[in-house]
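Please find below some notes on the model, set out as numbered points. They begin with the overall make-up and then turn to confidence, the cores and a few local features.

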Amino acid sequence: QNLDPYTVFMVEDEQHQINVLSKGKYGGVGIQLGYRNKTMSVVAPMDGGPAKKAGIISGDVILKVNDEDVKKMTFNEAASNIRGKKGTEVKLTIKRYSEDDPIVFNLVRSTIKVKEITYSGMLSPSTGYVRLNRFSRNTPNEMHKAFQQLLNQNSKEIIIDFMHSRVSDHSAIDAIDALSQEYIDSGRKIYLRHLSSECKILLHK
């Protein structure tokens with residue numbers, strides 16, 4: 001697939017997606033990977049994961065996995081090599097734009113529990129905020145809980161943020177439409193925030 005140079009393509013192999021959807025966890029270092037200009041980069045390290053604890057940050061470019069050049073692998077091969085059984089080690093060599101020399105991280109893989117919602121709370125007395133990381137069979141329950149908590153805090157509008165998620169625009173819109181009817185019917189507004197745009201009114205009555 002050919003992508004324009006400003007597109008970040010979230011790459012996940014099919015078997016890994018099946019494992020995450022069925023179990024909600026996997027063995028790895030806890031990073032969301034992106035592909036841009038034929039380069040593997042860290043979109044975001046996951047809270048509590050080995051990568052974030054070691055100091056890997058968003059924007060880091062992964063040059064090597066276990067001393068093997070990632071440009072000699074397919075993207076899925078490189079991502080698969082980063083994942084592995086809990087307790088095993090993986091060596092990542094990264095380029096950070098603020099540093100002249102590559103940085104080497106020796107990480108011990110752990111069990112990464114993938115959260116559907118990584119944050120929810122009030123941005124102001126009237127505006128609630130939900131950061132959606134992915135969509136799975138458990139997401140409706142999690143979003144319902146988040147919406148209810150924000151309703152209890154008298155929110156008049158909610159921003160749904162999936163800037164760094166694995167959720168596509170269409171699946172997010174369908175999910176939000178189905179999950180937020182009670183909220184919308186009460187006269188509140190739902191906003192959507194994604195990489196392609198600023199916050200905008202998505203659904204309201």
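1. Overall make-up. The model is a predicted one. Its secondary structure consists of six helices and 14 strands. The protein has 205 residues, 40% of which are buried. Its accessible surface amounts to about 11700 Å², and carbon and sulfur atoms account for 48% of that area. When contacts between residues at least 6 apart in sequence are taken, 57% link residues at least 24 apart.

2. Confidence. The protein has a mean pLDDT of 77, with 71% of residues at 70 or more. By element, the highest confidence is found in strand 8 (residues 103–108), at 97, and the lowest in strand 1 (residues 9–10), at a mean of 40. Residues 1–12 have pLDDT below 50, although the model gives this stretch 27 contacts beyond near neighbours in sequence. Residues 195–205 also stay under 50, with 28 contacts beyond four places in sequence. Where pLDDT is low, the predicted coordinates should not be read in detail. The contacts of these two stretches should be read with that in mind.

3. Largest nonpolar core. This core has 20 residues, and I31, I62, I82 and L92 touch the most other members. Two or more residues each come from strand 3 (31–36), strand 4 (39–45), strand 5 (61–65), helix 3 (75–82), strand 7 (89–95) and strand 8. Helix 3 gives the largest share, four residues. In soluble globular proteins, nonpolar side chains tend to be buried together.

4. Surroundings of I31. Which residues does I31 touch, leaving aside those up to four places away in sequence? The list is Y26, V42, A44, P45, M46, A51, I56, I62, I82 and L92. Among them are I62, I82 and L92, which are named with I31 as the core members touching the most others.

5. Second core. A separate core of 11 residues is also present, and I117, V130, I160 and F162 are among its members.

6. Strand 11 and its partners. Is strand 11 (residues 127–132) largely enclosed or open? Five of its six residues are buried, so the strand is largely enclosed by the rest of the structure. On one side of the pairing list is strand 10 (residues 117–122), which is antiparallel to strand 11 and joined to it by five bridges. These two strands form a hairpin, with four residues between them, and one bridge pairs M122 with G128. Strand 12 (residues 157–161) runs parallel to strand 11, also over five bridges. There, V130 has I160 as its bridge partner; both residues belong to the second core.

7. Crossover. The connection between the parallel strands involves helix 4 (residues 139–152): strand 11, helix 4 and strand 12 make up a β-α-β unit, and the unit is right-handed.

8. V61. This residue lies in strand 5. Its relative accessibility is 9%, so V61 counts as buried, the cut-off being under 20%. S41 is 20 residues away in sequence, yet the C-alpha atoms of V61 and S41 are 4.3 Å apart. Beyond residues up to four places away in sequence, V61 touches T39, M40, S41, T93, I94, K95 and Y97.

Key. Residues numbered from 1 in each chain as written. Predicted model: local features only at pLDDT ≥ 70, side-chain atom pairs only at ≥ 80, totals over all residues. Heavy atoms only, no water. Buried < 20%, exposed > 50% of the residue type's maximum accessible area, 1.4 Å probe, protein only. Contact = heavy atoms within 4.5 Å. Areas by Shrake-Rupley, 256 points an atom, 1.4 Å probe, with all protein chains shown as cover. Pairing = 2+ DSSP bridges. Right-handed = clockwise from strand over helix to strand, strands pointing away. pLDDT = per-residue confidence, 0-100. Core = buried A, V, L, I, M, F, W, Y, C linked by side-chain atoms within 4.5 Å.
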